[in-house]
Amino acid sequence: MVNKPDWLKTGSIERLWNTSFAHQIKQGAYNTAPVEAIVRSVSHHYRAKEFIKHDFKKLKFLEVGCGAGANLAWLAEQGIRISGIDISQEALSLCKKTLKRKGLEKNIEILTQASASDIPCPDEYFDGIIESCVFQNLPSELRIKAFSEVVRLLKPGGLFIGHMLSRKHSTFKNQVNNTAQTEPGTLILNSKNTKEKINLEDIGLAHFFAKKEYKKLLRGCSIIDPCESLYRLPKVEASRRGYDYYQHAMWIVYAVK
Ligand SMILES: C[S@@+](CC[C@H](N)C(=O)[O-])C[C@H]1O[C@@H](n2cnc3c(N)ncnc32)[C@H](O)[C@@H]1O
C-alpha cells in the first residue's frame with residue numbers, strides 16, 4: 001500500500017460513506033444483487049469473444065468502490081480473480097462477509113481501502129475494471145483522476161464497464177434550476193433527511209454525466225460506447241423512498257483500452 005494522500009487523511013469522504021453504510025446496514029438498504037448493467041455488459045463482451053468457463057479463471061478484474069460486494073461476488077462466481085477497493089472500511093468489511101458467506105474468498109486477490117483517484121496497483125494490471133455509482137459522487141479533480149486510473153490500470157484490450165448518472169435522471173431534472181451547480185452537470189444536493197445517508201440527495205455532490213464527456217475522461221481507450229438506460233421506479237417503491245415520481249437515468253459505459 002502507498003501512503004494515504006492528504007485528502008484521505010482528512011477523511012471527509014471516508015466518514016460520509018462509513019456513516020452511509022452504517023445506516024444502510026441498519027435499514028437493510030445496501031445492494032445485495034449484482035448490477036444488471038454490469039452483468040449484461042461483461043457477459044456480452046466475453047460471449048462475443050467466445051469465452052468458455054475455463055478462460056474466465058485467467059482474468060483479473062477490479063471493482064472501484066466495491067461496496068457490499070454484490071458485483072465482485074458475481075464476477076467470482078464466473079471464476080474471475082477479483083480485486084476491490086473502497087474508501088469505506090464499513091463497506092469493505094461487509095464485502096468480506098459477503099464473499100466469505102458465498103465461499104468465494106479463494107478468488108480474492110486484493111481487497112483494500114483506497115481512493116478511486118489513487119489506486120495502489122501497478123500499470124496494466126487488470127483485464128477488466130467495473131464501477132457502479134462511485135465516480136458520480138466525486139468532485140471534478142478526483143473524478144478526472146479516477147477515470148485516468150482506469151485507463152492506467154487496464155491491460156491493452158482490457159474492458160471497462162461504468163454505470164453512472166445521466167442528466168435525464170428525475171433528480172437532475174427536478175433540481176437543476178434551483179440547486180447550486182459547481183460545473184455543468186454537478187449539483188450540490190440538499191438532503192431532506194439530515195440523519196440518514198441513504199438517498200442520492202443525502203450524499204451531497206452528484207455529477208450527472210453528458211455523453212460527450214467520456215471521450216476526454218477515457219482518453220487512451222480505443223472503443224468508448226456509452227448507452228443510456230432509463231427506468232421508472234414503481235409508484236410504491238418511489239413513495240417508500242419519499243418521492244412522487246422517480247426515474248433512474250444511467251449511462252452504461254462500455255470501453256476497451
Ligand atoms: C453507491 S455505493 C456502490 C457500491 C457498489 N459499486 C455497488 O454497485 O453495489 C458507492 C461506493 O463507493 C465507495 N466510494 C465512494 N467514494 C469513493 C472513493 N473516492 N474511492 C473509493 N470508493 C469510494 C463508497 O464507500 C461505496 O461503497
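Biologist: In this predicted model, which residue has an N or O atom in its side chain 2.9 Å from an oxygen atom of the ligand?

Modeller: A polar contact is a pair of N or O atoms within 3.5 Å, and an oxygen atom of the ligand meets that cut-off at 2.9 Å from a side-chain N or O atom. The residue that carries this side chain is also listed among the closest to the ligand, together with Glu63, Gly65, Asp86 and Ala116. The residue asked for is Asn31.

Biologist: How much of the area that the ligand exposes when taken alone is buried by the protein?

Modeller: The polar contact to the side chain of Asn31, at 2.9 Å, involves an oxygen atom of the ligand. Taken alone, the ligand exposes 590 Å², and the share of that area which the protein buries is 92%.

Biologist: Which residues place a polar backbone atom 2.8 Å from a nitrogen atom of the ligand?

Modeller: Here the protein partner is a backbone atom in each case, with a nitrogen atom of the ligand 2.8 Å from a polar backbone atom of one residue and a nitrogen atom of the ligand 2.8 Å from a polar backbone atom of another. The two residues are Gly65 and Ala116.

Biologist: Which helix gives the largest share of the shell around the ligand?

Modeller: The shell holds 21 residues, and by class these are 12 nonpolar, seven polar and two charged. The largest share from one element amounts to three residues, and it comes from helix H2, residues 12-27.

Biologist: How many residues of the lining of the second largest pocket are charged?

Modeller: The second largest pocket encloses about 230 Å³ of space, and its lining includes Arg143, Glu183, Glu213, Lys216 and Arg219. Alongside three nonpolar and two polar residues, the number of charged residues in that lining is five.

Biologist: Which helix supplies the largest share of the lining of the second largest pocket?

Modeller: Two helices, H7 (140-153) and H10 (213-217), each supply at least two residues of this lining. Among the lining residues are Ser140, Arg143, Ile144, Phe147 and Ser148. The largest share, five residues, comes from H7.

Biologist: Is Glu50, with its positive phi, buried or exposed?

Modeller: Most residues other than glycine have a negative phi. Glu50 has a phi near 55°, and this residue is found in the loop between helix H3 (36-48) and helix H4 (53-56). Because its relative accessibility is 68%, and the cut-off lies at over 50%, Glu50 counts as exposed.

Biologist: What is the accessibility class of Glu124, another residue with a positive phi?

Modeller: Phi of Glu124 is near 50°, and the residue is found in the loop between strand S3 (108-113) and strand S4 (126-132). Because its relative accessibility is 40%, which falls between the limits of 20% and 50%, Glu124 counts as partly exposed.

Biologist: Which residue's backbone oxygen lies 2.9 Å from a polar atom of the side chain of Gln78?

Modeller: Gln78 is placed in the loop between helix H5 (70-77) and strand S2 (81-86), and it counts as buried because its relative accessibility is 18%. The backbone oxygen that lies 2.9 Å from a polar atom of its side chain belongs to Trp74.

Biologist: What distance separates the C-alpha atoms of Gly69 and Thr186?

Modeller: Gly69 is placed in the loop between strand S1 (60-64) and H5, and it counts as buried because its relative accessibility is 0%. Gly69 and Thr186 are 117 residues apart along the chain, and the separation of their C-alpha atoms is 27 Å.

How values were computed. Residues numbered from 1 in each chain as written. Predicted model: local features only at pLDDT ≥ 70, side-chain atom pairs only at ≥ 80, totals over all residues. Heavy atoms only, no water. 1 Å grid on protein atoms, 1.4 Å probe; cavity = no way out; pocket = protein on both sides within 12 Å on 5 of 7 lines; lining within 4 Å. Points joined across faces, edges and corners; volume = space filled by probe spheres on them. Helix = DSSP H or I, 4+ residues; strand = E, 2+ residues; numbered from the N terminus. Nonpolar A, V, L, I, M, F, W, Y, C, P; charged D, E, K, R; others polar. Buried < 20%, exposed > 50% of the residue type's maximum accessible area, 1.4 Å probe, protein only. Near = heavy atom within 4 Å. Polar contact = N/O pair within 3.5 Å; in protein donor to acceptor, adjacent residues only side chain to side chain. Areas by Shrake-Rupley, 256 points an atom, 1.4 Å probe, with all protein chains shown as cover.
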